[in-house]
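Reader: I am new to this structure and would like a close look at a single part of it, namely the salt bridges. Could you take me through them slowly, and say where the partners sit?

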Amino acid sequence: MKIRRLLSLLLCSIVLGSCSGVNPGDQSGMSVFPLHSRGSGNVGDPMPYYEDGKMYVYYLEDARNYGGGGFHPISLLETNDFTHYEDKGIMLDFVNDRYSIEFALATGSVIKDPDGLYHFFYGGYNADKSFTGMPYIQTILHATSHDLYNWEKDPTFNGTGYMIGTGDDFRDPYVLWVEEYQEYWMLITSREGGSANTLKYTSKDLLNWTKAGSFFKSTVYNNMECPSLIHWNGYWYYSFSENGNHGYTKFLAKKNLSDPNWIDIPTIDGFYAGRPVIGQDNRLFMYGWAPTKGLYDSVEPDWAGNLIMSEFIQKGNEPRLYPIMPKEYKDEFKDEVTYKAVFSGKAVSNLSFDKTTYVNATAIEQIKKDKITRFEFDFKADEKVGRTGITFANNSDLQLGSIAFDFNFDRNQFLFFNNCANNTFNAMEYCVDFQFAANTNYHVDVITEDSVTSVYLNDTVALTMRTTS
């Protein structure tokens, strides 16, 4: 990764106003997109749990240097303000025995029972069935704790110490109490029947589970990983990550679980393995990860990366969810600075360019990879035509950098490009739909750390992407 990148605003027929940023200053111990602090490694699928002002973000630790042994222990990052995370280390470890069904661990969830005992349901994985004697490569496992830190694995779970499905795809258990039915539900990723199929199991005691058929089955999606189900502000929200060519987290909603149809929620961000969690003051958050780009962060998106988080709100009584930058980010990084054009050295507060120019950009600031930087601005277009946005890693004024967040008026989309060259937008990495209009003010919030950048457009859509070059 580059240690320093040049940031520019790419503006064509756009007026930029109210542009402000923050001086990184002393950021000791701060992080909004953390990794664990025990050496090299990445954050895989997060499993957030909230209680008493503290967010416990369990995750699959992706070390990438386990040398052929077991892998993906479940570790913990803990925070009470979303800008400082404490690394608590490994909570549930894999069994470094080639014959164990816990040779690797997989995603799960935490729930507290009425007696105050915490239950962790998680996956076990071993690709070699001849070693384990199991019919399939994935199982569901169980552990308990009295304090969320010291976990004891349960060898008697479900009468066998594990649960198995009807195929190799059987993972990512999500457990919740459903008051309406007075029972616990467990949702499990599967491909039972040959297509994406979230299975449902039910229980009265969290220990003995009965299969209750499909919760949600689809031939539209390739595979629905990390399924979740929460009730928030009058709606049930079912979410999952689509494991396709462009992975993303999807929401569906309904008023009542008995309603026949789900309401489609437009895709609102690009991060993967997102799992929602209701935090303090009934605020809704989602944790996921921004992928590295290959083993050395230089090629196509790979599995695991930095932990990322976004907050969601509703507007009115509609079920649609809207991503916003958490107020904790704005409160922590709020000292305004005046941007200066990197090459001319002049102060920058308002920019306006003629729409006839294909690329007309000013490099206005240098950003260090190891610092957190937040900035915001407003823009307005006289006509609903063309494109504007933010570009990184440019080398001079009047140049499109290799990375671009593109507000595209012609396509009514917000897009991300990671390999622009010679002032040309090459293959798009990800996009979300957004309806632009002429003579309309739009507000943009941006925060970046460790080559990961979140861009929020008008508190309506967002993209969180690794912006390496």
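Author: What follows describes a predicted model, and a little background on the whole chain may help before the pairs themselves. The protein chain has 469 residues, of which 59% count as buried, and its secondary structure comes to 2 helices and 35 strands. When contacts between residues at least 6 apart in sequence are considered, 57% of them join residues at least 24 apart.

Within this chain the structure holds 17 salt bridges, and three pairs can be followed one by one. Arg38 is paired with Asp87, and their closest N and O atoms are 2.9 Å apart. Because Arg38 lies in the loop between β2 (14-22) and β3 (42-51) while Asp87 belongs to strand β6 (residues 86-92), this pair ties together parts that are 49 residues apart in sequence. The two partners can also be described by their surroundings: Arg38 is partly exposed, with a relative accessible area of 37%, whereas Asp87, with a relative accessible area of 19%, is buried, the cut-off for buried being under 20%.

A second pair brings in a helix. Asp168 forms a salt bridge with Lys129, with 3.7 Å between the closest N and O atoms. Asp168 lies in the loop between β10 (152-153) and β11 (170-178) and Lys129 in helix α1, so parts that are 39 residues apart in sequence are tied together by this pair. Asp168 is partly exposed, at a relative accessible area of 31%, and Lys129 counts as partly exposed at 33% relative accessibility.

Helix α1 (residues 129-132) also contains Phe131, which counts as partly exposed at 29% relative accessibility. Leaving aside residues up to four places away in sequence, Phe131 touches Arg98 and Tyr99. From Phe131 to Ile101 the separation is 30 residues in sequence and 8.9 Å in space, C-alpha to C-alpha.

The third pair runs from strand to strand. Asp406 forms a salt bridge with Arg387, the closest N and O atoms being 2.7 Å apart. Asp406 is in strand β30 (residues 403-408) and Arg387 in strand β29 (residues 387-392), so that the pair, 19 residues apart, links distant parts of the chain. Here Asp406 counts as buried, at 2% relative accessibility, while Arg387 is partly exposed, with a relative accessible area of 24%.

Finally, there is a group joined through shared partners: salt bridges of this kind bring Arg283, Glu311, Lys327 and Glu328 into one network.

Terms used: Residues numbered from 1 in each chain as written. Predicted model: local features only at pLDDT ≥ 70, side-chain atom pairs only at ≥ 80, totals over all residues. Heavy atoms only, no water. Helix = DSSP H or I, 4+ residues; strand = E, 2+ residues; numbered from the N terminus. Buried < 20%, exposed > 50% of the residue type's maximum accessible area, 1.4 Å probe, protein only. Contact = heavy atoms within 4.5 Å. Salt bridge = Lys/Arg side-chain N within 4 Å of Asp/Glu carboxyl O.
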